[in-house]
There are 2 protein chains.
Amino acid sequence: MEGPHGMTARPLPEPTVARLPIYLRIAEEHLRHGSTTLSSEDLARDAGVNAAKVRKDLSLLGSLGTRGTGYDAASLIDALDALLGMARDWPVVIVGIGNLGRALINARGFFTGAYRLVGLVDADPAVIGEELGGRRVGTFAQVAAELESAPAIGVITTPASAAQEAANELVALGARSLLNFAPRVLEVPEGVQVRYVDLSMELQILSYHATRTDAQSAGLLATVGVEAQALDAVDWAEGGK
Amino acid sequence: MEGPHGMTARPLPEPTVARLPIYLRIAEEHLRHGSTTLSSEDLARDAGVNAAKVRKDLSLLGSLGTRGTGYDAASLIDALDALLGMARDWPVVIVGIGNLGRALINARGFFTGAYRLVGLVDADPAVIGEELGGRRVGTFAQVAAELESAPAIGVITTPASAAQEAANELVALGARSLLNFAPRVLEVPEGVQVRYVDLSMELQILSYHATRTDAQSAGLLATVGVEAQALDAVDWAEGGK
DNA sequence: CCGTGTGAAATCCTTCACAGCA
DNA sequence: TGCTGTGAAGGATTTCACACGG
């Protein structure tokens, strides 16, 4: 059904999965700019990766390209859309309506396309009742009562101390994917996916590298031949022990 | 100076670097809760990784532990603080004062410790002049004039269309590390670090996995023995061709 | 002739298993 | 005895190099 030749596909390597959304974005951009085909070299340049990697990645989805020509932008978009589930409907609940939660609600591109905001949860009585993005903020119980179906994705933007409880409630509501912005590793049942976005961690990783390159530029440069690499986000988790 | 035995250290593996902030957070928490030592097993449980991985990671920083006992929380924190540059001062400029930018300015834990907000840039005249987080929003020229020194880190929260220009300006100001929230791969000079946080990409990766596990649970479960893994963020980039 | 698709090689990371020290 | 530190094994991903097809 979803494999290269209709057979049961083995799971894609996680680094490949993380690059697919980038390829999708680039293909959409190329199409908007009028080019109907693009080569692995084009994709590689825009994504900041090796061309061989692009070909290997895309070949895992099937034979999408044409030898001597490249990839048809529209076909590539279709294939990636299908694989990333962009044709489906993904109801999203956000827990923690602070600054970050509000930013996500209002962010362009966050609730476009397949992802649909269906619930806003907060514990603070001062926030409950407020209307944002066409939804009224409620407690878990209130939101659960108003949901038509289980949310597919739960977004956690609470303080760290409330994150595990938020995860528990979201899983109880039926969410099987969590996007956690709180600086806490979550315990979730097997089969529940968790992705972590930790802003202070990002700063620390940057300052680690900055410390190192400073020290090196004082000596001799040691980072020779380092290819510009765009995105290899592999921070994911599958629940269970 | 920074190697295990005072010798020139080879660079740490990138996945290891991405885990160090987590170990740091866990050690701080343990210390706050009164335990002065913690084992690799403790760290592994809280971080959601394998204990062997913890030991391998930490052994790369030197011999921090004591056989038969574990790691001294305070010493571990010191070592990680030093390595991640937490003793230094990291001036940060934010470009793009929309919802996300404001969320970062107000977020607890984002501008605590080593990271210090020194400038806010936006192109919108309606936003320029506004005061947030103790800083007045200005154009690049205005902010540049008020800076005491070059910013170490630039945070980009502009729309995608403005991200490359923001990166150029930040590099011109002297920033050597960029944290980019815009869905765009940036071109930067060699030696400039870029990390990407792309929220819509996170959702797409989640929906990819959700699609797959749904299809599998209809058949037979194939994800057996998958260890819970916390964070392997490896999305980083070094400029240059 | 050009660019994809792909075995094979090389590299990187993780996990194992245990020696060694407190 | 208990837990770290680490060589070696194992697994996964990246890169190479080129056969193949349009």
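Helix 3 of chain A gives the most to the surface near DNA strand D, with 4 residues. Here a residue is near a strand if one of its heavy atoms lies within 4 Å of it. Helices (H or I, at least four residues) and strands (E, at least two) are DSSP runs, numbered from the N terminus. This is a predicted model, in which local features need pLDDT of at least 70 and side-chain atom pairs count only at pLDDT 80 or more, while totals for chains, interfaces and linings use all residues. Residues are numbered from 1 along each chain as its sequence is written, chains are lettered from A and ligands numbered from 1 in the order in which they are written, and side-chain values use heavy atoms, with hydrogens and water left out.

**DNA strand D**

In total, 26 residues surround DNA strand D. The closest are A:R67, B:S40, B:G65, B:R67 and B:Y71. Sugar and phosphate make up 64% of the atoms of DNA strand D that come within 4 Å of the protein.

Both chains take part. Chain A supplies at least two residues from each of helix 1 (14-32) and helix 3 (51-59). Chain B does so from helix 3 (51-59), strand 2 (65-66) and strand 3 (70-72). By class, this surface has 12 polar, 9 charged and 5 nonpolar residues. Nonpolar covers Ala, Val, Leu, Ile, Met, Phe, Trp, Tyr, Cys and Pro; charged covers Asp, Glu, Lys and Arg; the others, Gly among them, are polar.

**DNA strand C**

DNA strand C is surrounded by 25 residues. The closest are A:S40, A:G65, A:Y71, B:R19 and B:K53. Sugar and phosphate account for 63% of the strand C atoms within 4 Å of the protein.

Helix 3 of chain B gives the most to this surface, with 4 residues. Helix 1 (14-32) of chain B also supplies at least two. From chain A, helix 3, strand 2 (65-66) and strand 3 (70-72) each supply at least two. The class counts for strand C are 11 polar, 9 charged and 5 nonpolar residues.

**Polar contacts with the DNA**

A polar contact is a pair of N or O atoms within 3.5 Å; within protein, one must be able to donate a hydrogen and the other to accept it, and residues adjacent in sequence count only if both atoms are side-chain atoms. The table lists contacts to both strands.

| Protein atom | DNA atom | Distance |
|---|---|---|
| B:K56 side-chain N or O | strand D base oxygen | 3.3 Å |
| B:L64 polar backbone atom | strand D phosphate oxygen | 3.1 Å |
| B:G65 backbone N or O | strand D phosphate oxygen | 2.8 Å |
| A:S40 side-chain N or O | strand C phosphate oxygen | 2.6 Å |
| A:K56 side-chain N or O | strand C base oxygen | 3.4 Å |
| B:R19 side-chain N or O | strand C phosphate oxygen | 3.0 Å |

**Between the chains**

B:T211 lies in helix 8 (residues 199-218) of chain B. B:T211 is buried, with a relative accessible area of 9%. Buried means under 20%, exposed over 50%, partly exposed in between (1.4 Å probe, protein chains only). Leaving aside neighbours within four places in sequence, B:T211 is in contact (heavy atoms within 4.5 Å) with A:G85, A:R88 and A:W90.

**Aromatic pairs**

Rings of Phe, Tyr and Trp (its six-membered ring) pair if their centres lie within 6.5 Å; planes under 30 degrees apart count as stacked, over 60 as edge-to-face and the rest as tilted. The count comes to 2 aromatic pairs over all chains. The rings of A:F110 and A:F111 have centres 5.0 Å apart and planes at 85 degrees, so the pair is edge-to-face. B:F110 and B:F111 also form an edge-to-face pair, 4.9 Å centre to centre with 85 degrees between the planes. A:F110 is buried, with a relative accessible area of 2%. B:F110 and B:F111 are buried too.
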